[in-house]
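Thank you all for coming; I would like to walk you through one model this morning, going slowly for those who have not seen it before. Please have the view open in front of you as I talk.

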Protein chains: 2
Amino acid sequence: MKRIAESTVRRLSLYLSFLEGIDRQGLKTISSDELARLGGTTSAQVRKDLSLFGSFGKRGLGYSVPELSGKLREILGLGKQWRVCIIGAGKIGAALARYRGFAERGFNVTAVYDSDEAKIGKRWENLTVRPISELEKDATKQDFDIAVVATPAENTPAVVKQVVRAGIKAILNFAPVQLSVPSDVTVRNVNMAMELEGLSFALSNRSE
Amino acid sequence: MKRIAESTVRRLSLYLSFLEGIDRQGLKTISSDELARLGGTTSAQVRKDLSLFGSFGKRGLGYSVPELSGKLREILGLGKQWRVCIIGAGKIGAALARYRGFAERGFNVTAVYDSDEAKIGKRWENLTVRPISELEKDATKQDFDIAVVATPAENTPAVVKQVVRAGIKAILNFAPVQLSVPSDVTVRNVNMAMELEGLSFALSNRSE
DNA sequence: ATTAGTTTGTGAACTAATTCACAAGCGCCA
DNA sequence: TGGCGCTTGTGAATTAGTTCACAAACTAAT
């Protein structure tokens with residue numbers, strides 16, 4: 001399959017969330033034009049995005065809302081259940097472990113790790129914090145799909161090395177560092193400082 | 001000034017964080033090549049990014065670490081102090097209000113708003129939760145630069161309308177909806193579901 | 001059955017972003 | 001001072017992403 005741009009995947013996510021809203025409103029079909037309006041893009045963009053995966057619409061009519069939802073869910077790999085471990089039992093880790101939206105979408109947090117002796121063994125939601133040194137061994141049994149890395153910047157490179165050695169192929173990284181991983185490991189970064197600096201830049205450079 | 005791409009601004013943030021690390025190690029200069037290696041990009045990209053704002057390097061030598069840090073800070077509008085209000089006194093809002101990194105970088109949270117009667121008046125860190133209906137009035141005195149929107153999806157459009165009416169020109173949006181704002185308002189979205197779906201997509205479509 | 005009115009799917013055209021590649025500048029050393 | 005080794009800054013070339021524009025397909029109405 002042709003390489004799909006990250007921007008395309010983000011838009012597919014967005015379309016799916018719109019479709020879920022539209023579906024709740026009880027509407028049965030939607031046009032690329034309407035979807036574009038909701039997503040702040042163009043109808044051609046919407047059609048091009050979808051056409052990368054097949055042709056799901058009916059000319060003159062638009063797209064069936066439930067059908068397109070289903071297709072997008074399939075394309076995005078939802079429907080499957082994913083096993084997620086959280087690395088770093090700090091504030092962000094805690095917030096994430098409590099986040100209901102995870103499980104709703106098929107992302108099941110099945111373990112929490114930390115390197116801090118003081119935290120190991122503590123109960124956490126319905127999980128017990130385990131030592132990061134056990135990750136590689138555990139992974140052979142639990143077969144994690146995704147690691148959420150929420151560790152202090154300085155520990156992160158070492159932690160990520162262990163995640164990679166454990167054979168995990170997808171990382172959601174909250175640490176404010178750039179991860180260096182083999183090319184078969186996918187990383188998404190969530191970096192608050194960067195977002196704020198983006199706003200700061202915009203505010204500082206308006207109308208020049 | 002020429003329009004600067006968001007991807008460029010993100011990289012500038014990244015370079016700055018590397019420079020801060022390099023500076024702590026006590027190194028005085030750095031080449032575009034080294035910066036590129038850290039950021040997972042190419043040296044040409046680094047130089048092109050910087051050249052949009054001036055020429056900060058010395059041929060044969062590279063860039064002075066403190067000088068380039070300073071320039072980047074200036075470009076990104078750090079150094080200034082920004083007034084930030086948080087809208088939505090829920091879990092995300094709470095985590096953000098407690099986040100130390102905000103103030104360190106000049107982002108000062110000076111108010112928290114919510115529409116829930118039960119929350120209004122409660123103390124929160126060193127702030128008191130105020131009714132969102134007062135935002136517009138408060139803004140004339142406090143002059144907020146940035147609004148952090150962390151409200152439930154269904155309330156968000158109404159909330160954002162009030163933020164815009166209050167004259168705030170930058171929004172960091174945590175709600176999983178697409179905001180519709182005038183073109184002079186800058187929005188950055190942080191959307192966990194979207195990031196997870198990106199990983200799910202990558203896992204589902206490996207090596208095709 | 002024909003026509004009018006929509007809306008898709010997709011090459012082609014365009015625009016934006018990245019990478020190449022090299023002249024020019026700088027420090028160091030003899 | 002001249003030559004060598006490095007590294008920048010930047011047009012030109014390339015690659016990636018978006019938008020245009022239109023034939024084809026579908027519905028509904030007459």
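Before I start with the helices, one definition is needed: when I say that residues are in contact, I mean that they have heavy atoms within 4.5 Å of one another. Please also keep in mind throughout that what you see is a predicted model.

Let me begin inside chain A, where the domain assignment gives domain 1, residues 6–75, and domain 2, residues 82–194. Taken over C-alpha atoms, the centres of domain 1 and domain 2 of chain A are separated by 32 Å.

Now to a pair of helices in chain A. Two packed helices are described by the angle between their axes and the distance between the axes. For helix α1 of chain A, residues 6–24, and helix α4 of chain A, residues 65–75, the axes come within 9 Å and cross at roughly 145 degrees, and the crossing of α1(A) and α4(A) is left-handed. Which residues of α1(A) and α4(A) meet? From α1(A) there are L12(A), Y15(A), L16(A), L19(A), E20(A), I22(A) and D23(A), and they meet V65(A), L68(A), S69(A), L72(A), R73(A) and I75(A) in α4(A). By class, the residues of this contact between α1(A) and α4(A) divide into 9 nonpolar, 1 polar and 3 charged.

Let me turn to the DNA, taking strand C before strand D. There are 24 residues around DNA strand C, of which S32(A), R47(A), G60(A), Y63(A) and R59(B) come nearest. If we take the atoms of DNA strand C within 4 Å of the protein, 60% belong to sugar or phosphate, and the rest belong to bases. On the phosphate side, a polar side-chain atom of S32(A) lies 2.5 Å from a phosphate oxygen of strand C. On the base side, an N or O atom in the side chain of K48(A) is 3.4 Å from a base oxygen of strand C, and an N or O atom in the side chain of R47(B) is 3.2 Å from a base nitrogen of strand C. Which element gives the most to the surface near DNA strand C? That is α3(B), with 4 residues.

For DNA strand D, there are again residues from both chains to point out: of the 24 around it, R59(A), S32(B), R47(B), R59(B) and Y63(B) come nearest. Of the atoms of strand D within 4 Å of the protein, 61% belong to sugar or phosphate and the rest to bases. Here Y63(B) has a polar side-chain atom 2.7 Å from a phosphate oxygen of strand D, while Q45(A) has one 3.4 Å from a sugar or linking oxygen of strand D. R47(B) appears at this strand too, with an N or O atom of its side chain 2.6 Å from a base nitrogen of strand D. The element that gives the most to the surface near strand D is α3(A), with 4 residues, and by class this surface has 5 nonpolar, 10 polar and 9 charged residues.

I will stop there and take questions.

Conventions. Residues numbered from 1 in each chain as written. Chains lettered and ligands numbered in written order. Predicted model: local features only at pLDDT ≥ 70, side-chain atom pairs only at ≥ 80, totals over all residues. Heavy atoms only, no water. Near = heavy atom within 4 Å. Polar contact = N/O pair within 3.5 Å; in protein donor to acceptor, adjacent residues only side chain to side chain. Helix = DSSP H or I, 4+ residues; strand = E, 2+ residues; numbered from the N terminus. Nonpolar A, V, L, I, M, F, W, Y, C, P; charged D, E, K, R; others polar. Domains from an automatic or database assignment. Axes fitted to C-alpha atoms, helices over the stretch in contact; angles between N-to-C directions. Left-handed = near helix turned anticlockwise from the far one by under 90°.
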